Amino acid sequence: MNENRRNGCLVFLWILVAFLAGFSLALRINPNRLSKRGNDQLKKMSEVMGYIDKYYVDSVNVDSIYGLAINAMLQGLDPHSTYSTAEDNKAAMEALEGSFEGIGIQFNIMNDTLMVVSVISGGPSEKAGLMAGDRMIEVDGKSIIGIKNEQAFKLLRGNKGTKVKVGILRPGFKDKYTYEITRGVIPTYTVDVAYMMDANTGYIKLNEFGSTTAKEFNDAILKLKQQGMTSLIVDLRSNTGGFLDAAVSVCDEFLPKNREIVSIEGSKVRPEVIYASRRGDFEEGKVVILIDDFSASASEIVAGAVQDNDRGIIVGRRSFGKGLVQRQFDLSDQSSIRLTTSRYHTPSGRCIQREYAHGTDAYYEDLYNRLLNGEMESADSIHLDSSKVYHTLKGRPVYGGGGIMPDYFVPIDRGEDMDAYYDIANSSALIQFAFHYANDHKSALKKQFPDAKSYVAGMTITDEMLQQLVRYYEKNNKKVSKMTANSSKELKVWLKALIGRNLYDDEAFYPVINKTDKVILKAKEVLGKS
C-alpha cells in the first residue's frame with residue numbers, strides 16, 4: 001500500500017485539534033485601568049489604523065484588521081487564548097446548546113482554507129460522506145480559498161431541504177471529491193449512544209461536554225443499570241472538551257462525595273479545588289475510560305480524575321495534553337476573547353498541559369510528529385518526563401506535562417492491503433450506497449429486523465451486496481477497484497453499520513463498528529481480568 005496514502009488516512013484528523021476550545025466559563029468584567037504606557041500603545045495603534053483607513057492603496061475592512069491584531073496578540077500568549085466575532089460566538093453556542101439548520105459540521109479557517117473540524121453524528125454532511133480533517137475548497141463550483149468565517153456560515157447554512165455542492169481535498173489522497181449535501185435541522189446531542197455490549201457491560205459514547213451532558217449522561221447510566229450493567233466503558237476518543245461543569249458532573253457519577261475531581265490555579269485567580277458533591281449513580285461498578293490523541297481538556301479532566309482516584313482503568317493512546325483554563329470575556333460589540341487565566345491539575349497534582357514555548361504551529365504539529373516518531377504505534381516510543389512523576393491514591397506512578405497516559409496502550413490500526421477500502425470510502429460511494437440500499441429495502445429490512453438489536457444480531461452483508469457496492473463505486477468514479485480480503489472484510493463491517501444507521505440511527509451503528517474496534521476489545525479484556 002502507498003505509504004503516503006496510508007499515513008494520510010491515519011492522521012487526517014490531526015488538524016482537528018486546531019479547533020480545541022477548552023472550557024467556556026462566561027464572565028463579564030470591566031476593563032482594568034491601563035497604565036500610562038498601555039494607553040500610549042493604544043493611542044499608537046489607533047494612529048496606525050487611522051493612516052491605513054485614510055491612505056492605504058486598496059479599500060480595507062478596518063474591523064477585520066482590528067480582529068487580526070487582537071488574534072495575533074492573543075496567540076502570542078499561548079495556543080488557546082483566542083478572539084471570536086459575534087457570529088463565531090453564536091455558532092459555537094448553538095453547537096453546544098441548541099439546534100440549527102445547515103450541513104452539520106464544525107469548521108475552522110486555517111491558512112485561508114476551511115478545515116472540517118468535526119462532522120455532527122447523523123447529520124447531512126456525515127450522510128453525504130464528509131470527514132473530520134477534510135479541506136473544503138469549493139462551494140457550488142466556486143473556489144472558497146481565502147474565505148472568512150462569516151462568509152462560510154452564509155454559504156453553508158440554509159433552510160432545511162436546500163442543497164449545496166462542496167469540493168473536498170482529503171489529506172493523504174490526491175483526488176478532489178465532490179459531495180452534494182441536503183441541508184437539514186441539526187440537533188446537538190452530547191451522548192451519541194448508550195447500549196449494553198453484553199449482559200454486564202454498558203457502553204456510552206460521549207462526543208463533547210455541553211450544557212445537556214449532565215442529564216444525558218445520567219439518563220444513560222440509569223437506563224443501562226436497569227438492563228443489568230455492572231461494568232461501564234465510557235468512550236471519550238476524539239472528544240475535544242467543552243464545559244467544565246459538564247466534566248465535573250460526569251466524574252460525580254463515579255466518585256464518592258468529597259473526593260477531589262480537579263483543582264484550578266493561576267497567578268491572578270483564587271485557587272479552587274472541585275470535589276464530588278453528591279452520591280453518584282455508578283460508584284460501585286467497574287469503569288474503563290477510552291482516550292486517544294484527540295481527547296482533550298474536559299476529557300482529560302475526567303480521565304485524570306478517574307485514574308488518580310484509582311476509580312477505573314484508562315485504555316487507548318496518550319491524550320492531547322491541554323491543561324490551560326480559558327475564561328470568556330465579552331466585548332462591547334458582542335465579540336469576545338477567551339483568555340487563559342489558570343491551569344487545571346488532576347487530583348494527584350499533575351498538570352497535563354503540553355509545552356507550547358516554540359509557537360502555535362509547532363504546538364499543533366506535535367500530534368503529527370507523534371505518528372512520525374512511532375508513538376502511536378508503540379508505547380516504548382513515548383518519552384515521559386521523569387521529573388514530573390506523581391502518584392495515584394493507591395500509589396501508582398503517573399506523569400504530568402504531556403497529556404494523560406493510558407494504563408493500557410493500544411496502537412493505531414494501520415490496516416494492510418486496504419487501498420480498495422480507502423478508495424471506496426473516501427469517494428462517498430460507501431455512504432451513498434448504504435443510504436440507497438436502506439431506502440430501497442426499508443420495508444423488508446424492518447420486517448425482518450424490527451429493532452436495532454435484532455438488526456445488529458441478524459443482518460449479514462453478503463458477497464453479492466459487496467459486489468453491488470463495488471460496481472456502484474466503479475460506475476460513479478470511472479475506476480476499477482482491486483479488492484483484497486482485508487478491504488472486503490472492512491467494507492462489510494462498515495456497510496452493515498451504515499445501513500443500520502439509516503434504519504435505526506446510532507443504535508445500530510456503534511454496536512456493529514465496536515465489534516472489531518481494537519480499543520474496545522482491549523477494554524473488554526481489561527474488564528474481564530479485573
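**Exercise 1.** Leaving aside its neighbours within four places in sequence, which residues is M136 in contact with?

*Solution.* Note at the outset that the model is predicted. Once the neighbours within four places in sequence are set aside, the contacts of M136 are I103, I105, T113, L114, L130, I144, L156, V166, G167 and I168. As a next step, place M136 in its wider setting: the largest nonpolar core has 73 residues, and M136 is listed with I105, L130, V166, Y455 and I499 as the members that touch the most others. The largest share of this core, eight residues, is supplied by helix α16, which spans residues 485–504. Another core lies apart from it and holds 43 residues, including I221 and F254.

**Exercise 2.** Find the parts of the chain that the salt bridge between R396 and D407 ties together.

*Solution.* Begin with the pair itself, in which the closest N and O atoms of R396 and D407 are 2.8 Å apart. R396 lies in the loop between β20 and β21, whereas D407 lies in the loop between β21 and β22, so the salt bridge ties together parts that are 11 residues apart in sequence.

**Exercise 3.** Are R501 and D506, whose side chains meet in a salt bridge, buried or exposed?

*Solution.* Buried means under 20% relative accessible area. R501 has a relative accessible area of 10% and is therefore buried, and D506, with 9%, is buried as well. Compare this with the salt bridge between E284 and R279, where E284 is exposed and so is R279.

Terms used:
Residues are numbered from 1 along each chain as its sequence is written. This is a predicted model: local features need pLDDT of at least 70, side-chain atom pairs count only at pLDDT 80 or more; totals for chains, interfaces and linings use all residues. Side-chain values use heavy atoms; hydrogens and water are left out. A nonpolar core is a set of buried Ala, Val, Leu, Ile, Met, Phe, Trp, Tyr and Cys residues joined through side-chain atoms within 4.5 Å. Buried means under 20% relative accessible area, exposed over 50%, partly exposed in between (1.4 Å probe, protein chains only). Helices (H or I, at least four residues) and strands (E, at least two) are DSSP runs, numbered from the N terminus. Contact means heavy atoms within 4.5 Å. A salt bridge is a side-chain nitrogen of Lys or Arg within 4 Å of a carboxyl oxygen of Asp or Glu.
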